[in-house]
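This report describes selected features of the structure shown below, beginning with one chain and then turning to another.

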Amino acid sequence: MALSKEQARQTRFAYAMLTPGIILLIVFTFIPIVYGLPLAFTNYSAVDTTKWVGLKNFDRAFHDPDFWVSLKNSILYVIVVPVIQFLSILMAVLVNNKLRFVNFFRTAYFIPVVTSMTAAAIAWKWVFEEDGILNYFLEVAGIIDGPISFMSDMNLALYGVMCVTIWKGLGYYMMIYLAGLQSIPSELQEAAKIDGAGRWKVIWHITIPLLMPFVMLCSLLSVMGAIRVFDEIFVMHGPKGDPASATLTTSVYTYKISFQDYNFGYGAAVGLVVSLLIMVFTILLFRYTRRGGMNYYE
Amino acid sequence: MSKRYRSFALLLAMVMLISLIAACGSGSSSDKNNTAQTPGTTTETTNTNTDTAKKEEPKQEPVELKFWTISLSPNFDDYINGRIKKFEDENPGITVKWTDLPYGSMENKLLTSIAGGKSPDVVNLNTGMTMTLAGKNALVDLNKEATEEQRSIYFPDLYNSTKLGESVYAFPWYYGLSVFAYNKKIYEEAGLDPNKPPTTYEEMKQQAIIIKEKTGKYGFVPTYNPPADFYFLGVPIISEDKKTIIVDTPEALEWAKWNKDLYDQGIVPKDSLSADANYATDKYQAGKIASLTTGAQFLSRVKTNAKDVYDNTLIAKMPTLKPGGNVQAGLMNVVVPTMSTHHKEAILFANFITNDESQLEFCKIVNILPSTKKAAADPFFTQAGTDPESQAKVITAQMASMGKDFSLGVKNEGDVLDPLWKGWKEMLNGKVTPEEMLKKAQAEMQKKLDEINASE
């Protein structure tokens, strides 16, 4: 089909607009990925001579207890996904109402998203400290007798970090869901109401199914985010995922072996394994959440 | 397309482009490092490594040495620039270009520069970083390339801190010894005599129990460093031939139990387990903890941040683990990367900046101790004022002969010590008993050591 002059001009313009982003992606993402692949098969350390080691790095990973611990923690971390999705849908439904000051609430919920993770993580560290605000409230409320060390207890540390991730991510997903909610034709909901459906029934049978494509997108994004979680752990628990690897996730471990031990080859191998893992998760998610949106009713 | 729409889109694209660039620039290392993608960028540059390294400049041409230090600017600009000028005057034809980096970014910056073939010539590193890089063959062996005259000015214990096999990879520079700073007011509140600070760890524990009971505050924050503590307690950790790990000893067990008891009873903060370097200082200057073991040079931080606490601060010698034992000296070193193209000149300057004259002058402007024999003997170190900082100087100088920087003297030392660190935290968390911890740590450390020895 031949494009009209105007269409051709628009297409050219669109490509021109896309170019800067694409260039940056190529330079900072695609090229490094391509370079990173062969690295996984070497002993590259940036300073010493580089040798080809075949599959040795992968073999090492499978026999490395720290790798398994980090993998376990990363997979465990995925439990933030349902929590984050549920809460952000709830928030989106709330701020989708015609409340007074609704713009204020929308903005307030979005503030954590634009806050620097480093600053947020440090602030949360204070919250979790022994003489921090959380322990203070719990003690005042009479829930606990002595302070709990949310930072040093190996059983709690990872969950503490999850709170930060959830707090930080809520607003972002809320915005996506809000856009989703506003794209749902109101006739459907009104029709259901006329037919006698209650508030929850409308949400459950109309809103959620129609929101499914958004749920799918958000779940996918947050699963990937959860498996790759790095910043909050690095700031709160350092590059070793302290205490005693309790918060060591694969990304933190990759950082540690690459930039602390200078085993970039091994780091690349671990990174590759994690990428494959994310891929599997993505495929699974795609497979089981395909239904939804308008085709729910087809 | 309407003109308005188009200009809006254009503006939007510009904003996105700028924010992307900005994001990359500030690109907190975390952004870039959290997947395996990044090392690729460094590979690209390694290929050019060898080419640049081979371009040795002819000797008679002027030489420019790149000198990197850790966190010395802007406080010591005059001192460093003054020394550089003196060196340049004495050695015509050599110029020194000084760059100062924050502590946290030194390691990565150095690594990328070496990988990029633009290595600095003289670099200031701590012992840990020196050992890691030495293990990767990135540093010049000073036992081979420096002269006997250059090597002989340092205290042998300190010079040998960076020994790996028969090689030594750094000239020791300055170091700080910790002192015991304590809050007179809290001691008085607890009914303790402020003129009787603890001299041993056991006394420190007993005082902490009283302080906790009377004031509800903590007596001290333990700075867990199991390898160094074991070493100074007389646990061998590694055999002479560097083949066997020995950590499961009665002394080690006693120390582990002592710490576990302290932790379980809540005499020390539970957060001490996850505390970073600033934790104890922050709590001390907030008046929440009665004492602080810190490098004398860091007391000025308390002075700036909490004048009232500083005014109530008294200084004493560090309580020792065992009577007359050694104490940990956090040493700063100066190294020459192998990738430098001017080894001889670089070693000359590294030796100059750490010689008696340079170090003595440095010690006079900041509370640190010299690593050279002559400088340490200067009367300056026995003259005291009355303020906490100046008392700290004299006290640390008295302890100087006890100073030693712990290192295993094997490649990938961090890997070998890791199980001990981890086991220690698991033990305090109640996951393993002290006995199990030592047994497990010894076995795992041995396994790592065997791997390292086998790979050579």
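**Chain A: annotated spans**

An unreviewed UniProt entry places the annotation "domain: ABC transmembrane type-1" on residues 71-285 of chain A. In this predicted model, the span 71-285 of chain A is 75% helix and 0% strand, and its end C-alpha atoms are 19 Å apart. Under "transmembrane region", UniProt (unreviewed entry) lists residues 12-35, 75-95, 107-127, 156-181, 202-227 and 264-286 of chain A. The table gives the computed values for spans taken from these annotations.

| Span (chain A) | UniProt annotation (unreviewed entry) | Distance between end C-alpha atoms | Helix | Strand |
|---|---|---|---|---|
| residues 71-285 | domain: ABC transmembrane type-1 | 19 Å | 75% | 0% |
| residues 156-181 | transmembrane region | 36 Å | 96% | 0% |
| residues 202-227 | transmembrane region | 34 Å | 100% | 0% |

**Chain A: Met174 and helix H12**

Helix H8 of chain A runs over residues 157-183 and contains Met174(A). Is Met174(A) buried or exposed? With 27 other C-beta atoms within 10 Å, Met174(A) is buried, because 20 or more such atoms are enough for that class. Apart from neighbours within four places in sequence, the contacts of Met174(A) are Ser88(A), Met91(A), Ala92(A) and Tyr109(A). For one of these residues, Ala92(A), the C-alpha atom is 5.0 Å from that of Met174(A), although 82 residues separate the two along the chain.

Helix H12 of chain A covers residues 250-260; 10 of its 11 residues are buried, so the helix is largely enclosed by the rest of the structure. The buried residues of H12(A) include the aromatic-bearing positions Tyr253(A), Tyr255(A) and Phe259(A). Thr250(A), Ser251(A), Val252(A), Thr254(A), Lys256(A), Ile257(A) and Ser258(A) are buried in H12(A) as well. After H12(A) comes Tyr262(A), which has a positive phi, near 60°.

**Chain B: composition and a β-α-β unit**

Chain B has 456 residues, of which 45% are buried. Its secondary structure comprises 22 helices and 12 strands. Of the contacts in chain B between residues at least 6 apart in sequence, 73% link residues at least 24 apart.

Strand E1 (residues 63-70) of chain B pairs with strand E2 (residues 94-101) of chain B in the parallel sense, over eight bridges. Within this pairing, Thr69(B) has Asp100(B) in E2(B) as its bridge partner. Together with helix H4 (residues 77-90) of chain B, E1(B) and E2(B) form a right-handed β-α-β unit.

**Chain B: two domains**

Chain B divides into domain 1, residues 57-175 + 330-390, and domain 2, residues 177-328 + 406-454. The distance between the C-alpha centres of domain 1 of chain B and domain 2 of chain B is 29 Å. Contacts between them involve 15 residues of domain 1 of chain B and 17 residues of domain 2 of chain B.

Which elements give two or more residues to the side of domain 1 of chain B that touches domain 2 of chain B? They are helix H6 (127-135), strand E4 (163-164) and helix H20 (388-399) of chain B. H6(B) supplies the largest share of that side, four residues. By class, the side of domain 1 of chain B that touches domain 2 of chain B consists of seven nonpolar, six polar and two charged residues.

How values were computed. Residues are numbered from 1 along each chain as its sequence is written. Chains are lettered from A and ligands numbered from 1 in the order in which they are written. This is a predicted model: local features need pLDDT of at least 70, side-chain atom pairs count only at pLDDT 80 or more; totals for chains, interfaces and linings use all residues. Domain bounds come from an automatic or database domain assignment. Two residues are in contact if their C-beta atoms, placed from the backbone, lie within 7 Å. Ala, Val, Leu, Ile, Met, Phe, Trp, Tyr, Cys and Pro count as nonpolar, Asp, Glu, Lys and Arg as charged, and the others, Gly among them, as polar. A residue is buried if 20 or more other C-beta atoms lie within 10 Å of its own, exposed if 12 or fewer, and partly exposed in between; C-beta atoms are placed from the backbone. Two strands pair if DSSP finds at least two bridges between them. A crossover is right-handed if, with the strands pointing away from the viewer, the path from the first strand over the helix to the second runs clockwise. UniProt positions are given in the numbering used here, feature names are shortened, and annotations may be inferred rather than shown by experiment.
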